[in-house]
Amino acid sequence: MAWPTTSPASRGYGSEWVKLRKIVMQRDLGLCQCDQCRGGKLRVMAATDCDHIVSKAKGGTDDL
């Protein structure tokens, strides 16, 4: 897969996304929310990324 050559801001990840990401990371206490980690069922890991539930490329939104 080729990585995009455009800026994050031009892909919709500008200052508003940075603010939203901070809110999400604080809300989730900095813990991973993937299927394997959610609820501490199988593992607990520190979150390193913040992703959309449905990617923006597939019509996802920035809704919490």
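Asp 62 and Lys 56 form a salt bridge here, with their closest N and O atoms 3.5 Å apart. Keep in mind that this is a predicted model. A search of the whole structure turns up three salt bridges, and the chain around them has one helix and zero strands. Here's a quick tour.

**Salt bridges**
- In the pair we started with, Asp 62 is partly exposed, at 30% relative accessible area, and Lys 56 is also partly exposed, at 27%.
- Lys 19 pairs up with Glu 16, and their closest N and O atoms sit 3.4 Å apart.
- Those two are about one helical turn apart, because they are three residues from each other in helix α1.
- Glu 16 counts as exposed, with a relative accessible area of 56%, while Lys 19 is partly exposed at 49%.
- Asp 28 and Arg 27 make a salt bridge through their side chains, at 2.9 Å from N to O.
- As general background, side chains of opposite charge can pair when their charged atoms come close.

**Around Asp 28**
- Asp 28 sits in the segment after α1, the helix that covers 15-27.
- Asp 28 has a relative accessibility of just 16%, so it counts as buried, the cut-off being under 20%.
- Its partner Arg 27 is partly exposed, with 47% relative accessible area.
- The side chains of Asp 28 and Arg 27 are also joined by a polar contact of 2.9 Å.

**Arg 43 and Val 44**
- Arg 43 belongs to the segment after α1, and Val 44 lies in that segment too.
- Arg 43 is partly exposed, at 38% relative accessible area.
- If you skip the neighbours within four places in sequence, Arg 43 touches Cys 34, Gln 36 and Cys 37.
- Arg 43 and Cys 32 are 11 residues apart in sequence, and their C-alpha atoms are 9.3 Å apart in space.
- Val 44 has 58% relative accessibility, so it counts as exposed, which takes over 50%.
- Val 44 joins Leu 29 and Leu 31 in a nonpolar surface patch of about 310 Å².

**The chain as a whole**
- The chain has 64 residues, and buried ones make up 16% of them.
- Its C-alpha trace spans about 35 × 25 × 20 Å along the principal axes.
- The accessible surface adds up to about 5,400 Å², with 58% of that belonging to carbon and sulfur atoms.
- Looking at contacts with a separation of 6 or more, 45% are between residues 24 or more positions apart.

Notes
Residues numbered from 1 in each chain as written. Predicted model: local features only at pLDDT ≥ 70, side-chain atom pairs only at ≥ 80, totals over all residues. Heavy atoms only, no water. Helix = DSSP H or I, 4+ residues; strand = E, 2+ residues; numbered from the N terminus. Buried < 20%, exposed > 50% of the residue type's maximum accessible area, 1.4 Å probe, protein only. Polar contact = N/O pair within 3.5 Å; in protein donor to acceptor, adjacent residues only side chain to side chain. Patch = residues over 30% accessible without salt bridge, like charges linked within 9 Å, V, L, I, M, F, W, Y side chains within 5 Å. Areas by Shrake-Rupley, 256 points an atom, 1.4 Å probe, with all protein chains shown as cover. Salt bridge = Lys/Arg side-chain N within 4 Å of Asp/Glu carboxyl O. Contact = heavy atoms within 4.5 Å.
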